[in-house]
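Trainee: Could we go through this one together, ring by ring and charge by charge? I'd like to see how each call is made.

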Amino acid sequence: MGKNLKSISLVLFSICCAIGFSTSVNAEALEIEMTKDMTITEINQEISKVTDLEAIVIDGKSEFTITGGLSFGNGIDVTIKNVTIDGLVGDPENNVNGNAYQNILLNLVGAGNVVVDNVDFIYYDEKGIYVEALESLEVTNSSFDAAYTEHIGDNDYTGNPEASLIYRSASGIDINLGNGGKTVDVKSITIKNNTFKNVVVEEKDQATSTAGAIKIKVKDATNLVGVGTVRIEGNTFENNFQDLVIGTDTPTGTDPKREDTGNLDILLVGNDAMIVTDNSDAEEPTETLEGNYKLNYATDKKYELDENLYYIVDENNIDAITDEEMAA
């Protein structure tokens, strides 16, 4: 009741701004409805006016572009929709020290509940979305295209850009849970109806590259409180070196184990055929998965599911069926 009274008592006002958007602000929330293209500096100027920011909504109205990289922490709930986020912040023809492109377009290092819908991510050096800790993540109806970024991720801006797009760290979405000492307690992660394309690696680097369209791992298991199911559904993958990379070969923490980095329940539903690498295994096996699967590489389980997401009972899946299910 006290919180409701507080919400009722907050004064809500709107400001029409000459720099090209309208905002609604109160002591807890900020809504930015764009009316023209904006820079990250303009976005941050409006954010700085809210002293107790708890939630932000940015709506590009399916017309406008944000140039630069956004970053959110402090438990802030974030909704970004109907916009292009463009990391081309410099001059690629006269690039110095790799500063033509923003490294990360959406950096989530301790955010609250995050929703990304109908957002196009282009021109990023390393990652479209990067996550270390948050409460929940939902990414839908969005696109991640690495095709226009020279030498993405390898910090080498010489040579042939078409042959040297990315090496190690590049990805459309990189979920790096527990990195930087952050406590991880995530309710759910959903990645649905998106397109990931053109994450490519030079042939000479493919044996050691961990680049992929989607990367997800528990980087430091000592910080793990809980992670709900990661649901990857209805996505399209085009021309990627790897589509999904699970786990990491460089865990951190006081007593890390490589297999702990893949300790995630991952549900694959109705995606294109996916090139999946289990990087929590020292052998780093890679396979193409088509259909529905439930994975947890830390427990060495890969269960095939039917169209209703029931376990398919065969010699590979028999351990997935409980006694109660068998009796039924």
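**Charges and rings**

Mentor: Let's start with a charged pair: Arg-231 and Glu-233 form a salt bridge, with their closest N and O atoms 2.6 Å apart. Bear in mind that this is a predicted model.

Trainee: Is Glu-233 buried or exposed?

Mentor: Take its partner first: Arg-231 has a relative accessible area of 27%, so it is partly exposed. Buried means under 20%. Glu-233 comes in at 16%, so it counts as buried.

Trainee: Which parts does the salt bridge between Glu-287 and Lys-302 tie together?

Mentor: In that bridge the closest N and O atoms are 2.9 Å apart. Glu-287 belongs to strand 25 (residues 286–289) and Lys-302 to strand 27 (residues 301–305). The two positions are 15 residues apart in sequence, so the pair links strand 25 and strand 27.

Trainee: And how does Lys-302 count, buried, partly exposed or exposed?

Mentor: Partly exposed covers the range between the buried cut-off of 20% and the exposed cut-off of 50%. Glu-287 falls there at 29%. Lys-302, at 32% relative accessibility, also counts as partly exposed.

Trainee: Which residue does Lys-49 meet in a salt bridge, and is that residue buried or exposed?

Mentor: Lys-49 itself has 52% relative accessibility, and that counts as exposed. Its side chain meets Glu-46 at 2.8 Å, N to O. With 3% relative accessibility, the partner is on the other side of the cut-off: Glu-46 is buried.

Trainee: How many salt bridges does a search of the whole structure find?

Mentor: We've met a few already, among them Lys-49 with Glu-46. There is also a network of salt bridges linking Glu-33, Asp-59 and Lys-61. For the whole structure, the search gives nine.

Trainee: Which residues form the negative surface patch?

Mentor: A residue needs over 30% relative accessible area and no salt bridge to be in a patch. Glu-54, one of the members, has 38% and is partly exposed. The patch consists of Asp-52, Glu-54, Asp-77, Glu-135 and Asp-185.

Trainee: Where is Glu-54 found?

Mentor: Look for the stretch that joins helix 2 (40–47) to strand 5 (55–59). Glu-54 sits in that loop.

Trainee: On to the rings. How many aromatic pairs are there, and what is the arrangement of Phe-144 and Phe-196?

Mentor: The count comes to four aromatic pairs. For Phe-144 and Phe-196, the ring centres are 4.8 Å apart and the planes differ by 5°. Planes under 30 degrees apart count as stacked, so this pair is stacked.

Trainee: How far apart in sequence are the parts that this pair ties together?

Mentor: Phe-144 lies in strand 13 (residues 143–145), while Phe-196 lies in strand 17 (residues 195–197). Both rings belong to buried residues: Phe-144 has 1% relative accessibility, and Phe-196 has 1% too. The pair therefore ties together parts separated in sequence by 52 residues.

Trainee: Which class do Tyr-303 and Tyr-311 fall into?

Mentor: Their accessibility first: Tyr-303 is buried at 8%, whereas Tyr-311 is partly exposed at 24%. The ring centres are 5.3 Å apart, with the planes at 80°. That angle is over 60 degrees, so the pair is edge-to-face.

Trainee: Last one: which residues form an aromatic cluster?

Mentor: You already know two of the members, Phe-144 and Phe-196, from their stacked pair. The cluster is made up of Phe-121, Phe-144, Phe-196 and Phe-237.

Definitions and conventions. Residues are numbered from 1 along each chain as its sequence is written. This is a predicted model: local features need pLDDT of at least 70, side-chain atom pairs count only at pLDDT 80 or more; totals for chains, interfaces and linings use all residues. Side-chain values use heavy atoms; hydrogens and water are left out. Rings of Phe, Tyr and Trp (its six-membered ring) pair if their centres lie within 6.5 Å; planes under 30 degrees apart count as stacked, over 60 as edge-to-face and the rest as tilted. Helices (H or I, at least four residues) and strands (E, at least two) are DSSP runs, numbered from the N terminus. Buried means under 20% relative accessible area, exposed over 50%, partly exposed in between (1.4 Å probe, protein chains only). Patches are made of residues with over 30% relative accessible area and no salt bridge: like charges are joined within 9 Å, nonpolar side chains (Val, Leu, Ile, Met, Phe, Trp, Tyr) within 5 Å. Accessible areas come from the Shrake-Rupley method with a 1.4 Å probe; for residues, only the protein chains shown count as cover. A salt bridge is a side-chain nitrogen of Lys or Arg within 4 Å of a carboxyl oxygen of Asp or Glu. Lys and Arg count as positive and Asp and Glu as negative; His and the chain ends are not counted. The place of a charge is taken as NZ of Lys, CZ of Arg, CG of Asp or CD of Glu.
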